[in-house]
Amino acid sequence: ADNLSDALKKLKITTTDSTADSLEGCLDCLLQALAQNNMETSEKIQKSGVLQVFANLLTPQSSCTAKVANIIAEVARNEFMRNPCVDAGLIPPLVQLLNCKDQEVLLQTGRALGNICYDSHEGRNAVDHAGGAHIVVDHLRSLCSKTDPASEKLLTVFCGMLMNYSNENDTLQSQLINMGVIPTLVKLLGIHCQNAALTEMCLVAFGNLAELESSKEQFAYTNIAEELVKLFKKQIEHDKKEMIFEVLAPLAENDVIKLQLVEAGLVECLLEIVQKTVDSDKEDDIAELKTASDLMVLLLLGDESMQKLFEGGKGSVFQRVLSWIPSNSHQLQLAGALAIANFARNDGNCIHMVDNGIVQKLMDLLDRHVEDGNVTVQHAALSALRNLAIPVVNKAKMLSAGVAEAVLKFLRSEMPPVQFKLLGTLRMLIDAQAEAAEQLGKNVKLVERLVEWCEAKDHAGVMGESNRLLSALIRHSKSKDVIRTIVQSGGIKHLVTMATSEHVIMQNEALVALALIAALELVTAEKDLENAQLVQILHRLLSDDRSAPEIKYNSMVLICALIGSEPLQKEVQSMAFQEVISKLRSHENKTVAQQASLTEQRLAVES
């Protein structure tokens, strides 16, 4: 301790008149004390005011420069010392030292700057201000191909410095991306893949940058996919695989990179991991199984990568994914169902899958989860069924396979994501399927649940889908029985509200359903239509210049149907529709103009 105090005192005077030797001795003493007790020594250094002295010692000419930079690097390992280092004006001279040729000076300077930047807003700002990142990126470029130990050590320190400099800071990450650091780092990874420390630094730097959208475009122009897959194949340790996964996941969000990863053979690696870990109950293996299967699903979100792996339904990858669905692992069941939902993104694939028995597999899977209720698996299986039901030719096949009955088992679910997919699946299934629409529309339990969900104000998606299914049951069945069931269950007011939706498609569906109600069962629905103030709403829709042409057209069709009811006709007469409709006779849309003329005649006759 005495030696340290002496050394600190000496340092304060030595800067003005000292021999290099006495300076060296003091610095060695400091380094020794830091090695023994870093925190305590750092506190003493701060109190002694020596930090300000260091700024003058950081000159390229001095033989002590590397040691001074080393002391700063050691001191800055403590969080409480980073701001004092900035305040002492150490950043500009350190950044200047990055231009020197001496490797030891460069190494210690890189360490000092990296440590000052670690988790320090002030440190990063100061380095940014002094232009440090630019010089370091230039160093990485010029050293990139050198494989001697000293150069590799320097590369590792510089990568670490950039990582600390830009960590969790979008602006500084963008700055590095604009400097073109990504191609350099990818090249580094390829050349130095044998050097574990440097590889690790590159991976952390990639993980840092890959979150930004602009980086993905740059990565897509490099051979990152190939390098990462190559590296991945060599890994045995779970931690290392995890690090690579952390880079792969954000990169795989980019469609170009998805395809590159598929072409580089990532899928085969993932399938191998699944096979190795599926029956294990070790924590690491379970985590790896989840990450690998999740990543697999992500790769299938790209249209090109998905088609490449589907291979007309003959692909080995597609076949392997199918085998996940009956597995006993919830994680694999989930990934399998999500993968099928992703494969089912075009009609050709959907038709092929339905013809090859995929529906039964998904129904069996749903059956296994009716009681134990794994929500994520239910949601994924319903998503897959909904997508498969989109092509017209699949609807009847899926209905006769019993999909509607399988889906209805989840009516009592209290989970909005499951409710949402269940509604969407039923709506897709009954599209233009009159018989199925009638059968479901007469199912009182279903209709009552729909009316209940039409009020789910906390879940706009569920509310919207319930309304759309109610309307679809009427539109596709055109059945009086269905209309009566919906009237008795209190569904009319929701269809009227739906006509005021902000989505034109939903407004339109509601108006068409209401027109069918008015044409087929006006007497039954009369009271509910009146209470829901339908006539006022139609007046508003027709008066509003922003209403789409189809909304105006269907509103007038509905008015013509409503005047078959005495109370509703009275309402129409009391609201001066004539005036609004005569304006529409000159509407730019011909169909609207023609319907306005017809409606005007009808109203004139009735009055």
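Helices and strands here are DSSP runs, with at least four residues for a helix and at least two for a strand. Keep that in mind for the legends below, which all show a predicted model.

**View 1. The whole chain is built from helices, with no strands in sight.** The secondary structure comes to 41 helices and zero strands. Along its principal axes, the box filled by the C-alpha atoms is roughly 115 × 55 × 40 Å. The radius of gyration is 35 Å, while a compact globule of 607 residues would come in near 25 Å. Even so, 57% of the residues are buried. Take the contacts between residues at least 6 apart in sequence: 72% of them join residues at least 24 apart. As for the outside, the accessible surface is about 26,900 Å², and carbon and sulfur atoms account for 50% of that.

**View 2. Here are two stretches that UniProt labels "repeat: ARM".** The label comes from an unreviewed entry and covers residues 89-131 and 357-389. Start with residues 89-131: this span is 72% helix and 0% strand, and its end C-alpha atoms sit 15 Å apart. Now look at residues 357-389, which are 88% helix and 0% strand. The end C-alpha atoms of that second span are 14 Å apart.

**View 3. Cys26 is tucked away without a disulfide partner.** Where is the closest cysteine sulfur to the one in Cys26? It belongs to Cys29, 7.4 Å away, and that is too far for a bond, because a disulfide needs the two sulfur atoms within 2.5 Å. Is Cys26 buried or exposed? With 4% relative accessibility, Cys26 counts as buried, because the cut-off is under 20%.

**View 4. Cys100 is another buried cysteine with no bond to make.** The closest cysteine sulfur to that of Cys100 is in Cys64, 14 Å off, so the pair is too far apart for a bond. Cys100 has 16% relative accessibility, so this residue counts as buried. And how many disulfides does the structure hold? Zero. In case the term is new to you, a disulfide is a covalent bond between the sulfur atoms of two cysteines.

**View 5. Val204 sits in helix α14 and reaches residues from elsewhere in the chain.** Helix α14 runs over residues 196-209. Leaving aside residues up to four places away in sequence, Val204 touches Met163 and Met243. Gly160 is 44 residues from Val204 along the chain, yet their C-alpha atoms are separated by 8.6 Å. Val204 has 34% relative accessibility, so Val204 counts as partly exposed.

How values were computed:
Residues numbered from 1 in each chain as written. Predicted model: local features only at pLDDT ≥ 70, side-chain atom pairs only at ≥ 80, totals over all residues. Heavy atoms only, no water. Buried < 20%, exposed > 50% of the residue type's maximum accessible area, 1.4 Å probe, protein only. UniProt positions renumbered as here; feature names shortened; annotations may be inferred. Rg over C-alpha atoms; globule rule 2.2 N^0.38 Å. Contact = heavy atoms within 4.5 Å. Areas by Shrake-Rupley, 256 points an atom, 1.4 Å probe, with all protein chains shown as cover.
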